[in-house]
Amino acid sequence: MPALTAKAPAKLILLGEHAVVYGYPALAVPVASRWLRATMQARIKPANSGLTVSAPQLDIECPFEALPELHPIKAAVIVTLRHLGIQRLPSANLNIQANFPFSSGLGSSASLAVAVIRVFSAFLGHSITNPELNTLAYQVETSAHGTPSGVDNSVVSYNQPIWFIKGAQPTPLQPGADFHFLIADSGIKKSTAASVGELARRHDEDSTFIDECFKKIAGLTRLGRQAFQSGEIQRFGELMNENQEQLAKLGLSCPELDRLNAAALKSGALGAKLTGGGLGGFMVALSPTAETVPFKKALIEAGAQQVIDVPVLTNPEGDSHE
Ligand code: PMV
């Protein structure tokens, strides 16, 4: 039997992270050039030898049963089997490869969940719809993050720009112009569960200040949706900057991210902000044109480990996935 493969993109939150956990909106896009690939290869001999998992970037090479209980790969396989009403694990190898780093604000756990659920259900002979995929991936995200908003699994499952509010179906968005984003890795690994948890603890202690910031973020995210759909690039950049100000007030930025944001703006970016959980990971900048080389140079000089182009185009046909 030939191997089966499923790919899931990385994701980029443009506006609204963290506030989205509390029911406010967020705007997110897939990152077509960065993906995670899950491959299932049947093993005929020895018979009933069970499922083995290899994920070199995660230092995983083991039988399925040896994965830690809350591991997203394990959770993704279990929710898929339960969904399909199948009890026995197939005799196969599940291999995971990604061309972007884990734990850096690009939604690796959602990509992992989506790719594994897709390939596993296909391997077992079942096609799965996007809403089903999204629901199952959210269950996996819940075991990995604790209280995820669901924005990551939604943008990765639907693989298109979305407007997202927790608990509602995501709304696909069409950009009104070509947007040329760049994302730069601060090199600092961070845990989203930790930054979300810390904010929740502070919110429990005193919600006034945090709610005020979230309301401001929600307002500018709504304006951002209009600017995105009507193609007002400059306005969108301004809103990114305002979002960054609020995120910094919430204590979610760090000197390394601040340095990258400043370098991008100094070299002419229209907007720059952290993306995802914050306190490290990636930042995102908006270039006024498709010519992004000067920004890349400035970001690398300011300490970025890598810089990736994320074009969000009115006609994404020519946009490569590989
Ligand atoms: O850091 P990431 O890629 O896992 O993004 C998290 C986004 C948050 O809004 C901080 C959390 C969430 O569940 O939406």
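This report walks through a ligand site, two helices and three single residues. The model is predicted.

## The ligand and its shell

Start with the ligand. It is surrounded by 19 residues. The closest are Lys-11, Ser-149, Lys-190, Thr-192 and Gly-277. By class, the shell holds 7 nonpolar, 8 polar and 4 charged residues.

The shell is shared between domains. Domain 1 (4-172) and domain 2 (179-312) each supply at least three residues.

Oxygen atoms of the ligand come within reach of polar atoms of the protein. Three such pairs are listed here.

| Residue | Protein atom | Distance to a ligand oxygen atom |
|---|---|---|
| Gly-107 | polar backbone atom | 3.2 Å |
| Ser-149 | side-chain N or O atom | 2.6 Å |
| Asp-152 | side-chain N or O atom | 3.3 Å |

How much of the ligand's accessible area does the protein cover? On its own, the ligand has 380 Å² of accessible area, and the protein covers 96% of that. Which elements give two or more residues to the shell? They are β1 (4-15), α4 (151-158) and α5 (192-205).

## Helix α4

One of those shell elements, α4, deserves its own look. Helix α4 is mostly covered, with 8 of its 8 residues buried. Going along the helix, these are Val-151, Asp-152, Asn-153, Ser-154, Val-155, Val-156, Ser-157 and Tyr-158. Asp-152 thus appears twice in this report: its side chain has an N or O atom 3.3 Å from a ligand oxygen, and the residue is buried in α4. Just after the helix comes Asn-159, with a positive phi of about 55 degrees.

## Helix α6

Now turn to α6, which spans residues 207-230. This helix has 24 residues. From its first C-alpha to its last it reaches 34 Å. That is close to the 34 Å expected at 1.5 Å a residue.

Which residues of α6 are buried? They include Ile-210, Cys-213, Phe-214, Ile-217 and Ala-218. Further along, Leu-220, Thr-221, Gly-224, Ala-227 and Phe-228 are buried too. After α6 comes Gly-231, whose phi is positive, near 75 degrees. A residue with positive phi also follows α4, namely Asn-159.

## Three single residues

Is Ser-186 buried or exposed? Its relative accessible area is 8%, and the cut-off for buried is under 20%, so Ser-186 counts as buried. Ser-186 sits in the loop between β8 (179-185) and α5. Its side chain makes two backbone contacts. One is to the backbone nitrogen of Ile-188, at 3.3 Å. The other is to the backbone oxygen of Gly-281, at 2.7 Å.

Val-293 lies in helix α9 (residues 293-301). Exposed means over 50%, so Val-293, at 51% relative accessibility, counts as exposed. Val-293 and Asp-309 are 16 residues apart in sequence. In space, their C-alpha atoms are 9.6 Å apart.

Gly-167 is in the loop between β6 (162-164) and β7 (171-172). Gly-167 has a relative accessible area of 81%, and is therefore exposed by the over 50% cut-off. Gly-167 and Gly-150 are separated by 17 residues in sequence. From C-alpha to C-alpha, they are 7.9 Å apart in space.

Notes. Residues are numbered from 1 along each chain as its sequence is written. This is a predicted model: local features need pLDDT of at least 70, side-chain atom pairs count only at pLDDT 80 or more; totals for chains, interfaces and linings use all residues. Side-chain values use heavy atoms; hydrogens and water are left out. Helices (H or I, at least four residues) and strands (E, at least two) are DSSP runs, numbered from the N terminus. The expected span of a helix is 1.5 Å times one less than its number of residues. Buried means under 20% relative accessible area, exposed over 50%, partly exposed in between (1.4 Å probe, protein chains only). A residue is near a molecule or strand if one of its heavy atoms lies within 4 Å of it. A polar contact is a pair of N or O atoms within 3.5 Å; within protein, one must be able to donate a hydrogen and the other to accept it, and residues adjacent in sequence count only if both atoms are side-chain atoms. Accessible areas come from the Shrake-Rupley method with a 1.4 Å probe; for residues, only the protein chains shown count as cover. Ala, Val, Leu, Ile, Met, Phe, Trp, Tyr, Cys and Pro count as nonpolar, Asp, Glu, Lys and Arg as charged, and the others, Gly among them, as polar. Domain bounds come from an automatic or database domain assignment.
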